[in-house]
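Trainee: Could you walk me through how these structural labels get assigned? I'd like to see the reasoning behind each one.
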Amino acid sequence: MIVTTNDLFRHACGKYALGAYNINNLEQTVGLFRGNLGKSKTNEDPVNPAVSAPFIIQISRGARSYTDKRFLEAMIRTAEEVFPETIFAVHLDHGTEEVCYDCIESGFYSSVMIDASHEPFDKNIETTRRVVDRAHERGVVVEAELGQLGGVEEDVVGSVRLTDAAQAAEFVDRSGCDSLAVAIGTSHGAYKFSASQSLRLDRLAEIQKAVPPNFPLVMHGSSSVPKEWVDRINAAGGAMKNASGVKEAQYLPAAKLGVCKINIDTDGRLVWCATLRECFRDKPEDFDLRTSGKVFMGNYADYIAHKNTMLGSAGQLEAVRKSLAKAGAR
Ligand code: G3H
Ligand code: 13P
Ligand code: ZN
């Protein structure tokens, strides 16, 4: 069942965070759906209520152009049929104004992110407001961003600019956005804390105090870049040096400070990279793409189930279903 991110945030707020996972292809999609139901090996495995979780599928502009954006919708709609127990939102990640409008008009996306964080404050508000007005007419909710993460955000090469708490309150009020991505020291990619960066929970606490009660905050660049997966990549011929991520133990403290959505893309790429490298190393005679594809779907499903445990969303699926039924959500 596709719901909006805000439908999910209402249940999570202040208690746990939803995993927002980027997908690009079929194997990631199947692994993601399985993982959120605790189905490790096959689509037919029994649902495991102890780990089943609501989740957010994120689609970046890069994902939309990797093959053709229509494949993404077809895959996700099919996954919804194959895994009817799932509850999830379909969200545009780091949208421009033009791509936001395309997603809003599509009738498929339940949530879009307008990323005008590289613009001056007033221009960011104006752009966000226009997207909010169009989105709300169609029942779509909007994530905006204030501040700048380190590293590369699609086309934007940003220097770190932490979100200011007072500005966040003004931004939320004037833009009408439904959730706000904040810069609190994270960065995209596999090399997060190489400079003087670290996760700034103190700044997050200030922002939470400044915005309205229970206003959903979002953390981008939150992959944990697990040493285990980086080591496996390197042992199988990779060359990833000094990779590091957000400590998984910081997810729940961040959730308690109002972070309802935690974005994970890089970790999925690491699982993909390690799995394929190992398969080709261990079976050099095998050239069937399904060999590594099958192993990946299982590995990714297990990884998602683990991640949801760290986010606190594992085991919440049935409670969310009940609360949605009560609220009469779409
Ligand atoms: O924040 C960016 C996401 O990780 C998406 O990455 O643009 O390479 O698909 P991508
Ligand atoms: P990571 O690169 O840490 O996975 O962040 C992904 C993200 O923020 C997508 O918007
Ligand atoms: Zn991001």
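Mentor: Sure. Start with the metal: donors are N, O and S atoms within 2.8 Å of it. Keep in mind that this is a predicted model.

Trainee: What makes His-94, His-188 and His-220 donors of the zinc ion (ligand 3)?

Mentor: His-94 and His-188 offer NE2, and His-220 offers ND1, lying 2.1 Å from the zinc. The cut-off is 2.8 Å and nitrogen is on the list, so these atoms count as donors. Along the chain, they follow the spacing H-x93-H-x31-H.

Trainee: Which pair links distant parts of the chain?

Mentor: That's His-94 with His-188, 94 residues apart. His-94 sits in strand 3 (residues 88-95), while His-188 is in the loop between strand 8 (179-182) and helix 8.

Trainee: How do you know which residues make the contact between helix 7 and helix 8?

Mentor: The axes of helix 7 (residues 165-175) and helix 8 (residues 201-210) come within 8 Å and cross at roughly 40°, and the crossing is right-handed. Contact means heavy atoms within 4.5 Å, and the residues making it are Ala-165, Ala-168 and Ala-169 of helix 7 with Glu-206, Ile-207 and Ala-210 of helix 8.

Trainee: How many of those are nonpolar, polar or charged?

Mentor: Five are nonpolar, none polar and one charged. Glu counts as charged, so Glu-206 is the charged one.

Trainee: What lines the largest cavity?

Mentor: Cys-279, Phe-280, Lys-283, Asp-286, Asp-288, Thr-291 and Ser-292 do. Helix 11 (266-282) and helix 12 (289-311) each give two or more residues to that lining. The volume is about 40 Å³.

Conventions:
Residues are numbered from 1 along each chain as its sequence is written. Chains are lettered from A and ligands numbered from 1 in the order in which they are written. This is a predicted model: local features need pLDDT of at least 70, side-chain atom pairs count only at pLDDT 80 or more; totals for chains, interfaces and linings use all residues. Side-chain values use heavy atoms; hydrogens and water are left out. Axes are lines fitted to C-alpha atoms, for helices over the stretch in contact, and angles run from 0 to 180 degrees between N-to-C directions. Helices (H or I, at least four residues) and strands (E, at least two) are DSSP runs, numbered from the N terminus. A crossing is left-handed if the near helix is turned anticlockwise from the far one by less than a right angle, and right-handed if clockwise. On a 1 Å grid over the protein atoms alone, a cavity is a set of points where a 1.4 Å probe fits but cannot get out, and a pocket is an open set with protein on both sides within 12 Å along at least five of seven lines; lining residues have an atom within 4 Å of a point. Grid points are joined across faces, edges and corners, and a volume is the space filled by probe spheres set on the points. Donors are N, O and S atoms within 2.8 Å of the metal (3.2 Å for Na, K and Ca); water is not among the atoms, so sites may look incomplete.
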